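Hi,

Here is the model I promised to pass on. Have a look at it first, and my notes follow underneath.

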Amino acid sequence: MNRIFAASAVLALAGWLTLAAFPAGDSKTVTGWVLDSACAFTKGLSKPISRDCALQCAKRGSPLVILQDDGTISWPISESMPAVSQNSRLTPFAGKRVTASGKVYNRGGSTAIVIEKLDAAKE
């Protein structure tokens, strides 16, 4: 009986530690411009230079991000492992404003979003 109890306690502790190791994302909605990640950091832009520019960068493999009005950059990520690029979902909106809803994660000053819903927003 003690062995069964000890084994159950170890399994419960392992399960709790596994859940504690992976933070849960908060469901949120963000609105901003879809643009090339490098431009978002190096150009100091408040919106994309042009749609064509954002499309060309995405075609060359640069990750697209969502630049919010307050300057926060949201990195679209997938929950699957291995991770899958979100550019195919964002390319139709490159250079445009979007509203994205989903799980938002914050870590070390970075913000990521697992997009559940994505729509065009007013410019």
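**Strands and cysteines**

Let me start with the pairing of strand 3 (residues 73-77) and strand 5 (residues 110-120): they run parallel and share four bridges. One contact to look for there is W75, whose bridge partner in strand 5 is A112. Before going on, a caveat: this is a predicted model, so local features need pLDDT of at least 70 and side-chain atom pairs count only at pLDDT 80 or more, while totals for chains, interfaces and linings use all residues. Numbering starts from 1 along each chain as its sequence is written, and side-chain values use heavy atoms, with hydrogens and water left out.

On terms: strands are DSSP runs (E, at least two residues), numbered from the N terminus, and two of them pair if DSSP finds at least two bridges between them.

Strand 5 also pairs with strand 4 (residues 97-107), this time antiparallel, with ten bridges. N106 has T111 as its bridge partner in strand 5. The two strands make a hairpin with two residues between them, and G108 in that turn has a positive phi of about 55°.

Now to strand 2 (residues 64-68). It is largely enclosed by the rest of the structure, because five of its five residues are buried (under 20% relative accessible area; exposed is over 50% and partly exposed is in between, with a 1.4 Å probe and protein chains only). L64, I66 and Q68 point one way from the strand, V65 and L67 the other way, and all are buried.

Strand 2 has pairings with strand 1 and strand 3. With strand 1 (residues 26-36) the pairing is antiparallel over five bridges, and V34 stands opposite I66. With strand 3 it is antiparallel over two bridges, with L67 opposite I73. Strand 2 and strand 3 form a hairpin too, with four residues between them; G71 in the turn has a positive phi of about 95°.

Last, the cysteines. How many disulfides does the count come to? Zero, taking a disulfide as a pair of cysteine sulfur atoms within 2.5 Å. Why does C39 not bond? Because the closest cysteine sulfur, in C53, is 4.9 Å from its own, which is too far. C39 is buried at a relative accessible area of 9%. For C53, the closest cysteine sulfur is in C57, at 4.5 Å, so that is also too far for a bond. C53 counts as partly exposed, at 27% relative accessibility.

Over to you!
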